[in-house]
Every structure is written in structure tokens, then in C-alpha cells.
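Colleague: I would like to go through this model with you, one question at a time. Please give your reasoning before each answer.

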Amino acid sequence: MRLLALSSLRGSWHLRNANGSVGLGGEVPGCVHTALSRQGLLQDPYYRFNDLEYRWITLDNWTYSKVFKTPFDIGKWQKVNLVLEGVDTVAQVLMNNVTIGETDNMFNRYTFDVTNVIGDVNLIELRFQSAISYAAQKSRAHAGYRVPPECPPPVQKGECHVNFVRKEQCSFSWDWGPAFPTQGIWKDVRIEAYNICNLKYLTFTPFYVSLAREWRLLIESIFDVVSAEPFGGQVTVNMPQLQTQQTYDIQLRPRETSVELLLNVNKNVSVESWWPSGHGNQTGYKIWVVFKLEGGYRIEKEAKVYFRTVELVQEPIPGSPGLSFYFKINGIPIFIKGSNWIPADSFQDRVTPETLQLLLKSVVDANMNALRVWGGGVYEQDIFYDICDELGIMIWQDFMFACALYPTDQSFLDSVRAEVTHQIRRLKSHPSIIIWSGNNENEAAMAQNWFSLPPSEMQTYIRDYVTLYVKNIRELVLSFPTHSDTTDTSLPERPSLHLQSFW
């Protein structure tokens with residue numbers, strides 16, 4: 001029986017500014033700048049001082065709207081959601097003139113229940129607030145003590161208080177780039193309807209167990225269960241190339257529930273490991289996961305799984321006060337040769353799969369084997385990591401914090417925790433990600449006192465640093481078994497995860 005209905009709202013939307021003096025069509029995914037450019041209303045934003053000339057765009061409040069027909073019979077579904085994979089950034093979300101939610105984090109996925117709001121024909125609106133004015137409001141509201149830096153250096157001609165908004169930090173300017181604090185819907189938006197349950201995430205974590213000399217695969221499924229009562233079913237996992245198949249009995253409980261399955265890979269079949277570029281092949285294996293649930297409902301998923309181990313080696317060095325710092329992949333020390341990856345464009349909707357393929361192939365052609373996804377940009381698109389998996393490019397993955405101190409009020413922490421949870425679930429199955437890093441240069445900023453903090457106040461900022469990165473982000477990362485774990489261990493004990501805060 002059919003369990004899920006999907007309808008994408010990509011494509012043509014209408015945009016207007018706050019006073020209605022500017023109205024035009026625009027594409028989703030997209031942003032206001034690219035919509036204006038495609039209509040011929042802007043010159044090349046990168047030309048000369050157009051970042052300053054077009055500052056009016058970012059200071060205005062824009063509304064995205066669309067009228068759409070629901071392509072399925074609403075009465076046949078228990079729950080209907082509006083899913084926003086990426087909203088940039090601060091917006092009130094309405095359907096049929098009813099506020100269904102708000103967004104304030106560019107890096108989070110938002111899911112709003114519209115079961116009692118949606119009709120046959122619908123008006124959806126996202127009423128954006130300028131991220132510049134929002135950040136300034138949040139800074140003023142943080143009255144107890146300042147959270148530096150308030151503004152970028154004057155030479156950058158940038159915007160202030162970026163550390164108060166969960167948005168691409170370099171969009172407020174950086175020492176290498178202009179200020180374009182965009183507004184828009186920068187990822188997919190869709191309507192999803194389902195009965196009984198919906199599979200939200202499906203992730204794969206390989207472990208090599210030395211004592212047993214076998215690979216094991218931890219498969220985690222996250223469901224939204226709308227059934228009022230628990231219900232059961234079976235899951236069959238099949239990896240034909242590895243002659244491995246296993247069936248499990250499961251039970252799903254109401255609301256969000258997690259199902260963890262442990263698959264023992266056939267020991268009589270040779271498993272080829274994933275290797276960084278220049279050290280071997282990037283072998284992956286097709287896997288099919290089929291859920292057969294009570295009531296005749298069925299979910300089928302196909303994915304690709306890679307097997308490799310990672311170890312960060314930090315050992316005493318004779319004659320030195322410091323420790324070593326290098327990685328072993330599949331037990332072999334790897335010399336890392338790479339670059340810092342900043343966003344490929346100030347306007348994310350202009351970064352196409354073809355652009356990423358060209359740039360990442362150029363990385364390998366230049367004899368690099370690693371990239372560091374820098375914390376002042378964005379968590380990259382899914383296809384970015386897919387290509388890195390295929391090309392053998394190792395990824396040092398920052399969380400999106402850079403060159404600043406950050407507030408730790410509860411609303412900010414709640415937003416960050418939702419962001420981190422989503423991004424880890426989205427990305428953890430990629431073998432290319434070998435380490436998660438807390439931030440870019442923030443510890444150095446405190447150690448070297450970049451912001452001229454009075455010694456008497458330093459403990460306040462140290463407390464905030466520990467609260468954000470250790471007690472929240474690190475705690476969340478360690479709660480997930482991930483592909484960047486050291487995996488030479490016995491199950492069910494979970495391996496330690498490498499989370500660093502280096503600069």
C-alpha cells in the first residue's frame with residue numbers, strides 16, 4: 001500500500017519587497033539577488049562596488065509567494081507537512097494566510113504540520129526579514145555583555161553582528177569577499193503526505209571488528225510515526241555484491257522513533273575498502289533496505305555504502321612538548337595534501353552540480369587528496385560530498401562558526417542543536433568526511449585575545465565557549481556513531497569520535 005505522497009514546490013514563485021514597489025518572478029531554489037539579475041535589473045554583483053550599490057536589497061524585507069494545487073486527495077492522508085530543506089534565513093511562513101511557523105537558521109531543515117491548513121488550492125508565503133536588521137536586534141537584546149566582534153574591519157565594507165544569526169557567516173563580508181546577505185529559499189521545498197509513518201533519515205555506519213575479523217554495518221532509521229499505537233514489521237537488508245542479507249523484526253512507537261540494526265557482513269567475501277585519492281580505489285557497494293510494515297505498507301530504499309576506518313594519531317613526540325597529528329586510513333598513515341574550501345559563489349543557487357564536478361575534479365588533478373569545508377561558509381550540498389566520495393577527497397568538516405564569539409542564550413543553543421542534529425544525520429554516511437571540527441579560529445581568537453577582552457571578563461567568554469562547543473555541539477556529535485569514527489573496536493560499544501576545534 002502507498003505510504004507517502006510528495007509534491008515539490010520548486011520552480012516559479014513571485015517576489016515582492018516590503019512596500020510593493022518591486023515585484024517580479026523568481027526561481028526556487030534561489031535568492032532575491034539572482035532573481036533580480038535574471039530579470040536584467042542588476043549588473044554583475046561582483047563588478048566594482050556593486051556590493052555597496054546593491055546593499056538596498058539586503059536591507060529590505062522580501063516576500064516569496066506561490067499559489068499551487070495539491071496534487072493528491074488530502075482526505076486520504078493522516079499527516080501533511082510542508083518541508084523546507086533550506087531557508088535563507090529569517091522568515092515567517094504562512095499557508096492560506098495562517099502562520100504555520102518561523103525560521104531563523106539557514107542550516108536547518110524545517111518541517112511544519114499543515115494537515116489542518118492545506119486545501120485543494122493554496123497560497124504559500126515566506127515573509128522574510130532582513131538578516132542585517134535581525135542580527136542587530138538580537139545583538140541589542142543581548143544586554144548583559146558584548147559578544148565580539150560587533151562589526152568586520154571597515155576596509156571590508158561589511159555588515160555587523162553576523163555572529164547573532166545562524167547564516168553563512170561570510171555573507172556579511174570577509175577579508176576575501178564582498179557582503180551579500182541574501183534572502184531566499186536556497187534548497188528544495190515540498191509537500192509530503194503520509195499515513196502511519198514517514199522515514200526521515202536512513203544512515204549507515206561501518207565498523208571493523210578486529211577480534212571477529214569482520215565488517216559490521218550499523219543502520220539507523222529515523223521515523224515520524226503518526227499512528228496512535230505501536231506497530232510492527234520486518235526489515236530486510238540486502239548487499240548482493242557481498243552476499244549478505246538479513247531480516248529483522250522491528251516495532252515503531254508513536255512520534256519520532258529510531259530503529260538501529262546491526263548487519264554482519266559475510267566474512268567469506270572480500271570487502272574492498274574506500275581509499276583517499278592516490279592510495280587506492282573508492283569502492284562502494286549497493287545496499288537495499290526494504291521495510292514491510294503492518295497493514296501492507298512498504299518502504300524501499302537504495303543507497304551506496306563504503307567501508308573504511310579512520311584514526312587520528314596524537315602521540316608524544318620524543319624531544320617535543322607537543323603531540324603528533326596525522327590520520328591513518330584503513331590503518332595506513334596518509335599524508336594530507338589539500339586546500340581550504342570556501343563557498344563557490346556568494347549566491348548558492350548558482351553553484352550547479354557541473355560547477356562542483358569541475359572544481360572537485362580539479363582538486364584531484366592538482367594532486368590534492370583533502371579539502372577543509374571552512375566554518376565561515378555553508379554545509380555543502382549533498383552532491384558535493386557524493387563527488388568527494390567518488391573521487392577520494394577527504395573532508396575536514398567544520399561546523400559553521402568562524403572568527404567570532406557567539407551568544408549562548410537558550411534560543412540560540414536550541415537552534416544550533418537542531419542544526420547540528422540535522423547536518424550530522426544528513427552527512428554522517430559519507431566516507432569522505434574524516435573529522436568534524438568545532439569552528440574556525442575561535443579558540444585562537446580567545447587565546448590571543450583578538451577582541452581586546454578585559455582579563456576580568458575572560459571567564460564569561462570561556463564559559464560560553466565551553467557551553468556552545470563542548471556541552472552542546474560535542475555532546476551531540478558523540479551521541480551519533482559516524483563514519484569518521486575509529487572503528488577498530490568490538491560492538492556494541494561505540495567508538496570515540498574525533499571532534500576538534502583547531503584553526
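Colleague: How many salt bridges does the rule find across the interface of domain 2 and domain 3?

Modeller: Keep in mind that this is a predicted model. The domain assignment of the chain places domain 2 at 197–306 and domain 3 at 310–498. Across the interface of these two domains, the number of salt bridges found by the rule is two.

Colleague: How far apart are the closest N and O atoms in the salt bridge of Arg425 with Glu256?

Modeller: A salt bridge needs a side-chain nitrogen of Lys or Arg within 4 Å of a carboxyl oxygen of Asp or Glu. Arg425 and Glu256 form such a pair. Their closest N and O atoms are separated by 3.6 Å.

Colleague: Which strand gives the largest share of the side of domain 2 that touches domain 3?

Modeller: Six residue pairs are in polar contact across this interface. On the side of domain 2 that touches domain 3, at least two residues come from each of β16 (197–209), β17 (214–225) and β20 (255–264). The largest share is eight residues, and the strand that supplies it is β16.

Colleague: What is the make-up by class of the side of domain 2 that touches domain 3?

Modeller: In the contact between the two domains, domain 2 takes part with 25 residues and domain 3 with 32. Sorted by class, the side of domain 2 has 14 nonpolar, seven polar and four charged residues.

Colleague: Which three residues supply 25% of the area that domain 2 buries against domain 3?

Modeller: The C-alpha centres of domain 2 and domain 3 are 25 Å apart. Between the two domains about 2500 Å² is buried, and carbon and sulfur atoms give 58% of that area. On the domain 2 side, no other three residues supply more than Tyr201, Phe207 and Trp274.

Colleague: Where does UniProt list the feature "domain: Beta-mannosidase-like galactose-binding"?

Modeller: The span in question is 15% helix and 34% strand, with its end C-alpha atoms 14 Å apart. In the unreviewed UniProt entry, the feature is listed at residues 13–187.

Colleague: Which peptide bond that ends at a proline is cis?

Modeller: Most peptide bonds are trans. A cis bond has omega near 0° here, and one such bond leads into Pro29, a residue in the loop between β3 (23–28) and β4 (30–31). Another cis bond runs from Asp88 to Thr89, but Thr89, in the loop between β7 (87–88) and β8 (91–95), is not a proline. The bond asked for goes from Val28 to Pro29.

Colleague: What is the phi of Asn330 near?

Modeller: UniProt, in an unreviewed entry, places "domain: Glycoside hydrolase family 2 catalytic" at residues 327–446. Asn330 sits in the loop between β24 (326–329) and β25 (332–334). Most residues other than glycine have a negative phi. Asn330 has a positive phi, near 55°.

Terms used. Residues numbered from 1 in each chain as written. Predicted model: local features only at pLDDT ≥ 70, side-chain atom pairs only at ≥ 80, totals over all residues. Heavy atoms only, no water. UniProt positions renumbered as here; feature names shortened; annotations may be inferred. Domains from an automatic or database assignment. Contact = heavy atoms within 4.5 Å. Buried area = accessible area lost by both parts, 1.4 Å probe. Polar contact = N/O pair within 3.5 Å; in protein donor to acceptor, adjacent residues only side chain to side chain. Helix = DSSP H or I, 4+ residues; strand = E, 2+ residues; numbered from the N terminus. Nonpolar A, V, L, I, M, F, W, Y, C, P; charged D, E, K, R; others polar.
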